[in-house]
Amino acid sequence: MDKQTRNEKYIEYVEAKTPKAGWFTSLFHAFVMGATICCLGQMFSDIIRSFYPMMDLLTLGSWINIIIITLTILLTAFGCFDRLAKYGGAGTFIPISGFANSIASCAIEFKKEGLVFGIGAKMFYVAGPVLVNGVAYSLVVGIVYFIISLF
Amino acid sequence: MLEALFMYLKVILVGGTICMIAELIVIKTKITPARILVIFLMVGAILGGFGLYNYVVDFAGAGATLPIIGFGNALANGAIAAARVDGFFGALSGGLIATSAGIAVSIGLSYLVSFFVSSKTKND
């Protein structure tokens with residue numbers, strides 16, 4: 001089998017394996033999944049606020065993030081999150097659940113490569129860029145704000 | 001009661017629309033999800049740095065804080081708020097302090113979970 005027929009066969013195989021849903025359907029799925037996760041977060045925020053009415057917004061936001069992250073990691077551990085991600089597409093990875101799922105699934109995936117260079121290093125394969133960029137941006141914003149506030 | 005329902009409507013609208021925009025970018029340009037996460041984070045940090053995203057957070061609550069844009073906004077806002085109190089040291093530490101709880105829980109719980117769960121090979 002020469003290279004060209006092999007490549008054609010490979011492209012055929014990829015097209016057979018990729019889901020056939022039209023782009024309008026996947027947009028709708030992303031909307032539904034994103035809205036569901038955000039509604040869940042809002043529900044937990046209302047519950048927490050009914051118990052602790054004095055909690056400030058930043059702490060409340062952190063608590064919502066923690067709850068959604070915990071749920072996501074548990075779902076990932078039980079292997080249910082794959083199906084949600086397949087359905088929701090961007091609706092599952094744009095909320096904080098995508099960040100948590102990428103850390104948990106990489107940790108589970110690279111467990112067999114050892115504790116230090118397996119879990120420890122490869123855990124951040126997807127989440128690392130987000131953390132690195134996020135910390136860098138926050139430094140830039142903070143320092144720029146500090147310099148402006150001097151004058 | 002009606003007010004609470006209206007709030008959830010706003011959450012659905014804002015949260016869903018942000019995810020839909022990301023999905024549109026995925027479909028139309030084939031940019032990988034990790035890059036889109038970083039792009040959205042950058043958008044959030046810029047909007048947060050100018051203090052614009054807080055209006056969206058006031059409007060839509062969890063619909064604005066849960067998407068990764070809200071994470072970028074929290075980083076920028078934390079840095080600004082700490083710089084106001086602690087000066088230069090606050091500018092360095094504030095961003096991570098504001099988001100540290102979420103990051104710590106994701107890392108710690110993932111580490112714990114990975115001891116108990118092994119990856120299975122997919123058979124489809």
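Trainee: How do the axes of α2(B) and α5(B) cross, and within what distance do they come?

Mentor: In this predicted model, the axes of α2(B) and α5(B) cross at roughly 45° and come within 7 Å. That angle makes α2(B) oblique to α5(B), and their crossing is right-handed.

Trainee: Which residues make that contact?

Mentor: On the α2(B) side the contact is made by residues including B:L37, B:F40, B:L41 and B:M42, while the α5(B) side includes B:I68, B:I69, B:G70 and B:F71. Sorted by character, the residues of the contact of α2(B) with α5(B) are twelve nonpolar and seven polar, with no charged.

Trainee: Stepping back, how many helices and strands does chain B have?

Mentor: Chain B has six helices and zero strands, and from the N terminus on its elements run α-α-α-α-α-α.

Trainee: What about its radius of gyration, and how far does the C-alpha trace span?

Mentor: The radius of gyration of chain B is 18 Å, where a compact globule of 124 residues would have one near 14 Å. Along its principal axes the C-alpha trace of chain B spans about 55 × 40 × 35 Å.

Trainee: What share of chain B is buried?

Mentor: Buried residues make up 47% of the 124 residues in chain B. As for contacts in chain B between residues at least 6 apart in sequence, 59% of them join residues at least 24 apart.

Trainee: Switching to chain A, what is its secondary structure?

Mentor: Chain A comes to eight helices and zero strands, and read along the sequence it follows the pattern α-α-α-α-α-α-α-α. Its radius of gyration is 21 Å, well over the 15 Å that the globule rule gives for 151 residues, so chain A is more spread out than a compact globule.

Trainee: What does chain A span along its principal axes, and what share of its residues is buried?

Mentor: The C-alpha trace of chain A spans about 70 × 35 × 35 Å along its principal axes, and 38% of the 151 residues of chain A count as buried. Among contacts in chain A between residues at least 6 apart in sequence, 57% join residues at least 24 apart.

Trainee: Now the two chains together: how many residues does each give to the contact?

Mentor: The contact takes 58 residues from chain A and 59 residues from chain B. On the side of chain B that touches chain A, the elements giving two or more residues are α1 (2-29), α2 (33-49), α4 (62-65), α5 (68-86) and α6 (88-116) of chain B.

Trainee: Which of those gives the most?

Mentor: It is α6(B) that gives the most to that side, with 17 residues. The residues of the side of chain B that touches chain A divide into 41 nonpolar, 17 polar and one charged.

Trainee: And how does α6(B) pack with α6 of chain A?

Mentor: Helix α6 (residues 96-109) of chain A and α6(B) pack at an angle of about 30°, with their axes 8 Å apart. Angles under 35 degrees count as roughly parallel, and α6(A) and α6(B) are therefore roughly parallel to each other. The crossing in which α6(A) passes α6(B) is right-handed.

Trainee: Which residues are involved there?

Mentor: Among them are A:I96, A:F99, A:A100 and A:I103 of α6(A), together with B:G102, B:S106, B:I107 and B:S110 of α6(B). The residues of the contact of α6(A) with α6(B) divide into ten nonpolar, four polar and no charged.

Trainee: Where is B:V117, and what does it touch?

Mentor: B:V117 is found in the segment after α6 of chain B. Leaving aside its neighbours within four places in sequence, B:V117 is in contact with A:A77 and A:I108.

Trainee: Why does B:V117 count as partly exposed?

Mentor: There are 17 other C-beta atoms within 10 Å of B:V117, so it is partly exposed; a buried residue would need 20 or more. The C-alpha atoms of B:V117 and B:M42, which are 75 residues apart along the chain, are separated by 33 Å.

Trainee: One last residue, then: is A:S45 buried or exposed?

Mentor: A:S45 counts as buried, because it has 23 C-beta neighbours inside 10 Å. A:S45 lies in helix α2 (residues 23-51) of chain A and, not counting residues up to four places away in sequence, touches A:L60, A:I64, B:G61 and B:A62.

Key: Residues are numbered from 1 along each chain as its sequence is written. Chains are lettered from A and ligands numbered from 1 in the order in which they are written. This is a predicted model: local features need pLDDT of at least 70, side-chain atom pairs count only at pLDDT 80 or more; totals for chains, interfaces and linings use all residues. Two residues are in contact if their C-beta atoms, placed from the backbone, lie within 7 Å. Helices (H or I, at least four residues) and strands (E, at least two) are DSSP runs, numbered from the N terminus. Ala, Val, Leu, Ile, Met, Phe, Trp, Tyr, Cys and Pro count as nonpolar, Asp, Glu, Lys and Arg as charged, and the others, Gly among them, as polar. The radius of gyration is taken over C-alpha atoms; the globule rule is 2.2 Å times the number of residues to the power 0.38. A residue is buried if 20 or more other C-beta atoms lie within 10 Å of its own, exposed if 12 or fewer, and partly exposed in between; C-beta atoms are placed from the backbone. Axes are lines fitted to C-alpha atoms, for helices over the stretch in contact, and angles run from 0 to 180 degrees between N-to-C directions. Angles under 35 degrees count as roughly parallel, over 145 as roughly antiparallel, 65 to 115 as roughly perpendicular and the rest as oblique. A crossing is left-handed if the near helix is turned anticlockwise from the far one by less than a right angle, and right-handed if clockwise.
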